[in-house]
Amino acid sequence: MRALLRRRPEREVSEVLEYSDLTLCLTTRAVRRGGRAIDLTPIEFDLLELFLRHPGRVLSRGEIFTRVWGYDFGASSNSLTVYIGYLRRKTEAGGESRLIHTVRGIGYVLQASPRNP
């Protein structure tokens, strides 16, 4: 067993997800927007990871509940709305543009805000 462990490559591959100026490192669980570090709770981190794995794709509330919490809370739950609010406040705290948008009646999408000419 020790011989096998010695043969393992020592370098650890760090997976980093990026979108716009937002980065999320899965190894260290570090999140940055521009040059600013963002401290997230485990649920907020998992939620942001889901969005970063599917940028531009509208994710339904049910799909988000299932993938982040492991089950659907049902239509009456406002848990997702609350966590989206927390995540938006933290990712936009430095005056940055909104990246997580509501798609009314469906869910949410990670996309850059259109620029005003």
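**Note on the sheet and helices of a predicted model**

1. In the S1–S2 pair, Leu-17 has Leu-24 of S2 as its bridge partner. The two strands run antiparallel and are joined by four bridges. The model under review is a predicted one, and the points below should be read on that basis.

2. S1 and S2 make a hairpin with two residues between the strands. Ser-20 belongs to this loop. Its phi is positive, about 55 degrees, although Ser-20 is not a glycine. With a relative accessibility of 54%, Ser-20 is classed as exposed, because the cut-off for that class is over 50%.

3. S2 pairs with S3 through four bridges, again in the antiparallel sense. Cys-25 is matched with Ala-30 of S3 as its bridge partner. Here the hairpin has four residues between the strands, and Arg-29 is located in that loop. Arg-29 is a residue other than glycine with a positive phi, near 60 degrees. Its relative accessibility is 42%, so Arg-29 counts as partly exposed.

4. S3 (residues 30-33) and S4 are antiparallel and are linked by three bridges. Across this pairing, Val-31 stands opposite Ile-38 in S4.

5. Taken together, the four strands form an open sheet in the order S1-S2-S3-S4, with antiparallel pairing. Which strands stand at the edges of the sheet? They are S1 (16-19) and S4 (36-38); each has a single partner strand, so one side of each lacks a neighbour in the sheet. From one strand to the next, the twist averages 20 degrees.

6. H2 packs on this sheet and touches S1, S2 (22-25) and S3. The direction of H2 makes about 115 degrees with that of S2.

7. H2 (residues 42-53) also packs with H3 (residues 61-69), at an angle of about 125 degrees and with the axes 10 Å apart. The two helices are therefore oblique to each other. The crossing of H2 past H3 is right-handed. On the H2 side the contact is made by Ile-43, Asp-46, Leu-47, Leu-50 and Phe-51; on the H3 side it is made by Ile-64, Arg-67, Val-68 and Trp-69. Seven of these contact residues are nonpolar, two are charged and none is polar. As background to the spacing of such residues, an α-helix has 3.6 residues a turn, so residues three or four places apart point the same way.

8. What do the buried residues of H3 pack against? The buried residues in this helix are Glu-63, Ile-64, Phe-65, Val-68 and Trp-69. They pack against H2, S5 (59-60), H4 and S7 (107-110). Ile-64, Val-68 and Trp-69 are thus named both as buried residues of H3 and in its contact with H2. Gly-70, just after H3, has a positive phi of about 95 degrees.

9. Is Thr-91 buried or exposed? Thr-91, in H4 (residues 79-91), has a relative accessible area of 4% and is buried, because the cut-off for buried is under 20%. Leaving aside residues up to four places away in sequence, Thr-91 touches Arg-33, Arg-36, Ile-38 and Glu-96. Among them, Ile-38 is the residue in S4 that Val-31 stands opposite.

Notes. Residues numbered from 1 in each chain as written. Predicted model: local features only at pLDDT ≥ 70, side-chain atom pairs only at ≥ 80, totals over all residues. Heavy atoms only, no water. Axes fitted to C-alpha atoms, helices over the stretch in contact; angles between N-to-C directions. Parallel < 35°, antiparallel > 145°, perpendicular 65-115°, else oblique. Left-handed = near helix turned anticlockwise from the far one by under 90°. Contact = heavy atoms within 4.5 Å. Nonpolar A, V, L, I, M, F, W, Y, C, P; charged D, E, K, R; others polar. Buried < 20%, exposed > 50% of the residue type's maximum accessible area, 1.4 Å probe, protein only. Pairing = 2+ DSSP bridges.
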